Amino acid sequence: LECLEAHGESVHLRTAVELAAEVAGVLAGVLGGTPGSDTLIIHRGARAAHVLIDDGGAIKLTGFGVLRSADEPSLIGLEGYTPPEGFQPNGSAYGIGAFLTEILIGDPPPAARAMQGEQDDLVEELLVAILARGGEPVPDSVTDKVRDCLSHRAKERPALGSLANELRDLSRTLEGPTLRAWAAAVVPGILKGSGLAPPPKLLPL
């Protein structure tokens, strides 16, 4: 996805929401540990540069790591994608809100604010930027979801698995191409322009 701006491409609103749903679904299914294991699979922040997509719309998420029980627990998450309370090994909807914001406005969001009032102000500034993006209008249903994800109050953020389903449902209410249709139209041109070889086909998630 990081190749888009360099090639003058943008992501339609529906496509962006569907992408965020897919990333949330991957994280919900992968993060954490298994019973009896002393390791956790972690991700410090899913940003556009971590998402690979083929011309069929299948995605692959990179950037995972492993945390062992003996490791230092106070890990630092990726700035802008980590909630105000700090890095969460089992993931957080905050990172998905940050990912969707990055896709929609073209820039990574600033670091979360420790104080609730400052975080609320930051979120409103990001929503203004989202509403000001070119292209199709952004409905309240999208900005409300971003606001929930980036909330200073962790209890107001949905769980990753629930968020993935909510975003998929939301994408179906929006105009524009599906992720698969957008990828089929855009990805081959980017690969041709960059001189990169087409990636191997990825199995749908």
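Glu 22 is buried in this predicted model, with a relative accessible area of 16%. The residue forms a salt bridge with Arg 168, and the closest N and O atoms of the pair are 3.4 Å apart. Since Glu 22 belongs to helix α1 and Arg 168 to helix α5, the bridge ties together parts that are 146 residues apart in sequence. Arg 168 counts as partly exposed, at 25% relative accessibility.

**Salt bridges**

The structure holds 10 salt bridges, among them the pair of Glu 22 and Arg 168. Another joins the side chains of Glu 166 and Lys 145, with an N to O distance of 2.8 Å. This pair also links distant parts of the chain, as Glu 166 lies in helix α5 and Lys 145 in helix α4, 21 residues apart. Glu 166 is partly exposed at 30% relative accessibility, whereas Lys 145 is buried with a relative accessible area of 16%. A further bridge connects Arg 172 with Asp 169, where the closest N and O atoms are 2.8 Å apart. Arg 172 is exposed, with a relative accessible area of 58%, and Asp 169 counts as partly exposed at 46%. In addition, Asp 120, Arg 153 and Glu 156 are joined into one network by salt bridges that share partners.

The three pairs described individually are listed below.

| Salt bridge | N to O distance |
|---|---|
| Glu 22 and Arg 168 | 3.4 Å |
| Glu 166 and Lys 145 | 2.8 Å |
| Arg 172 and Asp 169 | 2.8 Å |

**Helix α5 and its packing**

Helix α5 covers residues 160-171. Its 12 residues should span 16 Å at 1.5 Å a residue, and the C-alpha atoms at its ends are 16 Å apart, so the expected and modelled values agree. The buried residues of α5 are Leu 160, Leu 163, Ala 164, Leu 167, Leu 170 and Ser 171. Viewed down the helix axis, these buried residues fall within an arc of 130°, and they therefore line one face of α5. Their packing partners are α1 (13-30), α2 (93-105) and α4 (140-149). Two of these partner helices also meet α5 through the salt bridges described above: α1 through Glu 22 and Arg 168, and α4 through Lys 145 and Glu 166.

**Buried polar residues**

Gln 119 has its place in helix α3 (residues 116-131). The residue is buried, with a relative accessible area of 1%. A polar atom of the Gln 119 side chain lies 3.0 Å from the backbone oxygen of Leu 150. Leu 150 also appears among the residues that Gln 119 touches, together with Pro 84, Tyr 94, Ala 112, Arg 113 and His 152, when residues up to four places away in sequence are not counted.

Ser 92 occupies the loop between β4 (64-68) and α2. With a relative accessible area of 16%, Ser 92 is buried. Its side chain reaches the backbone nitrogen of Tyr 94 at 3.0 Å. Apart from residues up to four places away in sequence, Ser 92 touches Pro 83, Arg 157 and Leu 160. Leu 160 is itself one of the buried residues of α5. Tyr 94, reached by the Ser 92 side chain, is also touched by Gln 119.

**An exposed position in helix α6**

Arg 180 is found in helix α6 (residues 179-194). The residue is exposed, with a relative accessible area of 59%. Leaving aside neighbours within four places in sequence, Arg 180 is in contact with Asp 55, Gly 56 and Gly 57. Arg 180 and Ile 53 are 127 residues apart in sequence, while their C-alpha atoms are 9.8 Å apart in space.

**The chain as a whole**

The chain has six helices and four strands. From the N terminus on, these elements run α-β-β-β-β-α-α-α-α-α. Of the 205 residues of the chain, 41% count as buried. Among contacts with a separation of 6 or more, 73% are accounted for by residues 24 or more positions apart. The pair of Glu 22 and Arg 168, at 146 residues apart, offers an example of a link across the sequence. The accessible surface of the chain comes to about 10400 Å², of which 54% belongs to carbon and sulfur atoms.

Note on methods:
Residues numbered from 1 in each chain as written. Predicted model: local features only at pLDDT ≥ 70, side-chain atom pairs only at ≥ 80, totals over all residues. Heavy atoms only, no water. Helix = DSSP H or I, 4+ residues; strand = E, 2+ residues; numbered from the N terminus. Buried < 20%, exposed > 50% of the residue type's maximum accessible area, 1.4 Å probe, protein only. Contact = heavy atoms within 4.5 Å. Areas by Shrake-Rupley, 256 points an atom, 1.4 Å probe, with all protein chains shown as cover. Expected span 1.5 Å × (residues − 1). Arc of directions from axis to C-beta. Polar contact = N/O pair within 3.5 Å; in protein donor to acceptor, adjacent residues only side chain to side chain. Salt bridge = Lys/Arg side-chain N within 4 Å of Asp/Glu carboxyl O.
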